[in-house]
Amino acid sequence: MPDTTRIAVIGTGHIAQVMVRAMAQVPGLVPVAIVSRDAGRARLIAAELGIAASHDTIGAVLADPAIHAVYIAHDTAGHAATAIAALEAGKAVLCEKPLATSTAEAEAIATAARRAGRLFMEAVATPFLPAVRAALDRAAAGEIGRLRGLTAEFGYPATPETHPGCWKPVGGGVLLDRMVYLVTLARLALGPVVTVRSEIARDAAGIDVEAALMLVHEGRGVSQLGASLTALMGNGLTLSGTGGAITLAEPLLAAERLTVRHAGPAGRDLPGGLRRRLAENGLLRRARATAAAIRTAHIGYGASPYVPELTHFRDLMRAGAIESPVLPPSLSVEVMRVLDTAREGGR
């Protein structure tokens, strides 16, 4: 593949514009066209972002041999159809999460990518953040003993005015918009999911606005996940092991602060009740808290939290890869299957 990937951006909403600005921080990844059904808006956004070409049909970029890839950022309901069309046209695809609205659609995308022999990757930024990668790698290496669980939350108030996509009957809801991040991280940390238990709250229109999931993984590890469109949650993540825990502080979607805690010695008290007396000493408790803070590391992501995933996509393009080793289509299909199962009440 060429050293420079020329990419067309399909969509003009907030995330499309954020991603174009992030692409400017990734050498070798060049947005060359903006696509929108509204030709005037396409021209306006292209001009604002310094992109030369704009189109009001997807066909225009799919027929252009000078365009190597597309980034899909329009309405979720159309993700699958656009991704399949792009793959069949010989383009690589980076598709904004969620890649689809159902497991059947996700499977169709994976099949199209396999048949075309073209790269497809769902754009879920969190697994590529250096702090998240460090947490997953350190847990996998046994730093906190045998990994047994993951807890994570992602929630803050949203409205139809501030987040219109979240409230659409097809493609909206907290499962597809927010829980997808948490299930992806749980799958990466603990492996395939064998049991899904869910509690879903819906509004008067039937949109899922609150979700609590408990996932049991093949190795019997357990993930406890919460997501909300209506409430401010903790927005962090903790990996729990037999010898300690690794925590990523909020905001999870732009995590940079990682803390490792190791489990203290278990068993009876020290002679003379010393453990109890130490715990009752305020100065010693403060010293202990200060010492614990030393084990906190700041692991930054650079100019934008989207740069690491875009860099990964660029590198895959340069290598001529047809799937990501971190987020292959098969994993995206697994995640969508969990979300579908949760929507149906679990199993």
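The largest pocket in this predicted model has a volume of about 1200 Å³. A pocket here is an open set of points on a 1 Å grid over the protein atoms alone, with protein on both sides within 12 Å along at least five of seven lines. Its volume is the space filled by probe spheres set on the points, which are joined across faces, edges and corners. Residues with an atom within 4 Å of a point count as lining. Of the 41 residues that line the largest pocket, Gly13, His14, Ile15, Ala73 and His74 sit closest to the centre. Two elements give two or more residues to this lining, namely helix 1 (14-23) and helix 7 (174-190). Helix 7 has the largest share, with four residues. Sorted by class, the lining holds 16 nonpolar, 15 polar and 10 charged residues; Ala, Val, Leu, Ile, Met, Phe, Trp, Tyr, Cys and Pro count as nonpolar, Asp, Glu, Lys and Arg as charged, and the others, Gly among them, as polar.

There is also one cavity of 30 Å³ or more, a cavity being a set of points where a 1.4 Å probe fits but cannot get out. The largest cavity has a volume of about 40 Å³, and its walls are made by Ala125, Thr126, Tyr181, Leu253 and Tyr306. Four of these lining residues are nonpolar, one is polar and none is charged.

Zooming out, the chain has 11 helices and 14 strands; these are DSSP runs, with helices being H or I of at least four residues and strands being E of at least two, numbered from the N terminus. The chain is as compact as a globular protein of 347 residues, because its radius of gyration is 22 Å, close to the 20 Å from the globule rule. That radius is taken over C-alpha atoms, and the rule is 2.2 Å times the number of residues to the power 0.38. Buried residues, those under 20% relative accessible area with a 1.4 Å probe and protein chains only, make up 50% of the chain.

Thr5, in strand 1 (residues 5-10), counts as buried at 1% relative accessibility. Leaving aside residues up to four places away in sequence, Thr5 touches Gly28, Leu29, Val30, His68, Ala69 and Met317, where contact means heavy atoms within 4.5 Å.

Residues are numbered from 1 along each chain as its sequence is written, and side-chain values use heavy atoms, with hydrogens and water left out. As the model is predicted, local features need pLDDT of at least 70 and side-chain atom pairs count only at pLDDT 80 or more, while totals for chains, interfaces and linings use all residues.
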